[in-house]
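Reader: I should be grateful for a close examination of one part of this structure, set out as a connected account. Please describe its surroundings before turning to any site that merits separate discussion.

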Amino acid sequence: MKLIALSLCLLAASLAQAQVTIKDAWVRGTVPQQKASGAFMQLTSEKDVRLVAAQSPVANVVEIHEMVMDKDVMKMRQIAGLDLVPGRVLELKPGGYHVMLIDLKAQLKGGDFVPITLTFEDTRTKTRFMQDVSAPVVALGAGNGPAGKGPMSKP
Ligand SMILES: [Cu+2]
């Protein structure tokens, strides 16, 4: 009886933590020697939360990036976090916000899955929570990615 109560508690805890809906996650495949790649997905939250960090076992460094115009050249740079507006889809996509996988430990091949752990912060309570996603790798030159959002053909 105690065990059942405990597992119900754990279930409730894990459900309570799933505050952000993560959809259509994918990672751009790499060629040998390539040391970085991007991860893309759609995030939706019912609450005011902020994506503050990401981790993945495939990369030594994982950052949150945005694309900015710098003297007519698109460049990407790290940002401290990304706010989610409740009920609105925040799209991480090629040419826009993305999760940057840096110093990759191995080549990312089509058909592989990349586990990514996202850390969010409830902007009111300042409570942090983590959510995992398993993102399929879409190989370079394989055409469109899931749901027609293919690898970046232009920045
Ligand atoms: Cu980047």
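Author: **T30 and the copper site**

Leaving aside residues up to four places away in sequence, T30 is in contact with A36, S37, L104, Q107 and L108. These contacts, like everything that follows, are computed from a predicted model. T30 itself sits in the loop that runs between β1 (20–28) and β2 (36–45). Although it belongs to a loop, T30 has a relative accessible area of 6%, and it therefore counts as buried, the limit being under 20%. One of its contact partners, L108, is also reached in a polar contact: the side chain of T30 approaches the backbone nitrogen of L108 at 2.8 Å.

The metal site may be considered next. The copper ion has as its protein donors H65 through ND1, M76 through SD, H98 through NE2 and M100 through SD, at 2.1 to 2.3 Å. Because the angles subtended by the four donor atoms run from 98 to 115°, the arrangement is tetrahedral; the criterion for four donors is that all angles lie between 85 and 135 degrees. Along the sequence, the donor residues follow the spacing H-x10-M-x21-H-x1-M. H65 is part of strand β4 (residues 59–70) and M100 is part of strand β8 (residues 98–104), so this pair ties together parts that are 35 residues apart in sequence.

As for accessibility, H65 is buried, with a relative accessible area of 6%. M100 is likewise classed as buried, its relative accessibility being 9%.

Notes:
Residues are numbered from 1 along each chain as its sequence is written. This is a predicted model: local features need pLDDT of at least 70, side-chain atom pairs count only at pLDDT 80 or more; totals for chains, interfaces and linings use all residues. Side-chain values use heavy atoms; hydrogens and water are left out. Donors are N, O and S atoms within 2.8 Å of the metal (3.2 Å for Na, K and Ca); water is not among the atoms, so sites may look incomplete. Four donors count as tetrahedral if all angles lie between 85 and 135 degrees; four count as square planar and six as octahedral if opposite donors are over 155 degrees apart and all others between 65 and 115; anything else is irregular. Helices (H or I, at least four residues) and strands (E, at least two) are DSSP runs, numbered from the N terminus. Buried means under 20% relative accessible area, exposed over 50%, partly exposed in between (1.4 Å probe, protein chains only). A polar contact is a pair of N or O atoms within 3.5 Å; within protein, one must be able to donate a hydrogen and the other to accept it, and residues adjacent in sequence count only if both atoms are side-chain atoms. Contact means heavy atoms within 4.5 Å.
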